[in-house]
Amino acid sequence: MKLAFLADARSPIAVNWVRWFVDHHHEVHWISSRPADPPLPGLASFRVLSIFPELPGGIKVAGGNRILHPAANALRHWLMPLRMDAWAKELGRMMEDIRPDLLHAMRIPQEGMVAARMRKLGRAGRSIPLLVSVWGDDFTYHARSSPMMAGLTRETIAQLDGLHSDCYRDIKMAFQWGLRIDTKLLVEPGNGGIDLSAFFAGKSDDSLILDNSLPKDAFFILNPRGFRNVARSDTFFKSVPLVRKAVPNAHFLALKMAGSREAEGWIRKLAIQSCVTLLPPFPRDKMPQLFRLAPVMISLTVHDGIPNVLLEAMACGSFPICGDLESIREWIEDGKNGLLVAPGDPQAVAAATIRAATDPGLRKAAAARNKKIIAQCAEWNSVMGGVEKFYHVLV
């Protein structure tokens, strides 16, 4: 097949997905929605459609920056929609050149919106089958963020030939946003699944302890979410001193928070310097070691689909504590293979963390159950083989 992907080339989720089709000798054309270098060897072509342009002077918006980050979202939700026609016309010219068998836009805002507007304008791409993926907060957050985003979400849903989601909740919500009954549907992990040759339970690598100056005999609890609009990092930090009272050797690892003034502020305010380590982002090949180091993983989001870190933690035997969301309940049965909590309640988070830390039997039973779930429902080769068949149906 000749395939075109409209996706952020910096996204590990997108790279993991597209890599399958490159490896299986399809003709793959990548159109990146952000300035980037080609993320994979073997692409037939690589282009940039700067839907998300860089800020002046190369300014980066850090996830923990509570001044710039809301401004960036305001730009995305109120001003970017005004540029849809220009981006759609440019995408149409790319489709005229590539003429793929299928165009896959790898989330609704803004990639799917641009692709849908291209079809609505009657550009050359109108005759190309369009598949759009839903990522965690597309419906629950972005679609509701402004009247223009709501209208563009409905427009996108109406133009689809196929819809991919990582959870059944979003399929249900898509119908509420106007999905046609004849649209072809696919429910699979957003990153294409888990590579079980890399993500598996086992002994942790002591080099992580040495390299990051971590205490040797600690019970590690990992928060891999960083600072995001949809994550309750405040709840996470407020739970730390409560957990330490019951689990004195608990040590918390906060990924993607190194250098964050907000994180440092919480640590000073709560006087938890001795039991929290702020880590930088880890490369993907180091993540399995991090999950194996931490017997417990905490993900406190208020908007989410099925987080990749949840599936990765499950595969590596790290016990998941997650915000109690409808989508998460598709994978986690509270008290069986994880614990579900109100993401804004520090006491509830602390109680769940203490329970997980002090009950090795619960963790062992959950690890066995999660290993089976991932092998049956989220193994990368199996998932992506099914995706390839789905593409053929659309084409």
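Biologist: Which residues touch the most other members in the largest nonpolar core?

Modeller: This is a predicted model, in which local features need pLDDT of at least 70 and side-chain atom pairs count only at pLDDT 80 or more, while totals for chains, interfaces and linings use all residues. Residues are numbered from 1 along each chain as its sequence is written, and side-chain values use heavy atoms, with hydrogens and water left out. A nonpolar core is a set of buried Ala, Val, Leu, Ile, Met, Phe, Trp, Tyr and Cys residues joined through side-chain atoms within 4.5 Å, where buried means under 20% relative accessible area, exposed over 50% and partly exposed in between (1.4 Å probe, protein chains only). The largest core has 37 residues, and those touching the most other members are Ile-31, Leu-49, Leu-91, Met-95, Leu-103 and Phe-139.

Biologist: Which element gives the most to this core?

Modeller: Helices (H or I, at least four residues) and strands (E, at least two) are DSSP runs, numbered from the N terminus. Elements giving two or more residues to the core include strand 1 (2-7), strand 4 (102-105) and helix 5 (147-159). The top contributor, with 7 residues, is helix 3.

Biologist: How many residues are in the second, separate core?

Modeller: Leu-222, Val-309, Ala-313 and Cys-316 are among its members. The count for this second core is 36 residues.

Biologist: How many residues apart in sequence are the parts that the pair of Phe-21 and Tyr-391 ties together?

Modeller: Rings of Phe, Tyr and Trp (its six-membered ring) pair if their centres lie within 6.5 Å; planes under 30 degrees apart count as stacked, over 60 as edge-to-face and the rest as tilted. The structure holds 7 aromatic pairs, and the one between Phe-21 and Tyr-391 is stacked, at 4.6 Å centre to centre and 0° between the planes. Phe-21 lies in helix 1 (residues 12-23) and Tyr-391 in helix 14 (residues 380-394), so the parts tied together are separated in sequence by 370 residues.

Biologist: Are Phe-21 and Tyr-391 buried or exposed?

Modeller: Phe-21 has 0% relative accessibility, and Tyr-391 also has 0%. Ring pairs link these two with Phe-5 into a cluster. Phe-21 and Tyr-391 therefore both count as buried.

Biologist: Why is the pair of Phe-236 and Phe-252 edge-to-face?

Modeller: Phe-236 lies in helix 8 (residues 233-246) and Phe-252 in strand 9. Their ring centres are 5.9 Å apart, and the pair is edge-to-face because the planes are at 70°.

Biologist: Over which ring does the charged end of Arg-19 sit?

Modeller: A charge sits over a ring if NZ of Lys or CZ of Arg is within 6 Å of the ring centre and within 35 degrees of the ring normal. Arg-292 lies over the face of Phe-200, at 4.4 Å from the ring centre. For Arg-19, the distance to the ring centre is 4.5 Å, and the ring is that of Trp-380.

Biologist: What is the phi of Ser-213?

Modeller: Most residues other than glycine have a negative phi, and most peptide bonds are trans. Ser-213 is in the loop between helix 7 (206-211) and strand 8 (219-223), and is exposed, with a relative accessible area of 67%. Although Ser-213 is not a glycine, its phi is positive, at about 55°.

Biologist: Which residues does a cis peptide bond join?

Modeller: Omega of this bond is about -5°. One partner lies in helix 4 (residues 108-120), namely Gln-110. The joined residues are Pro-109 and Gln-110.
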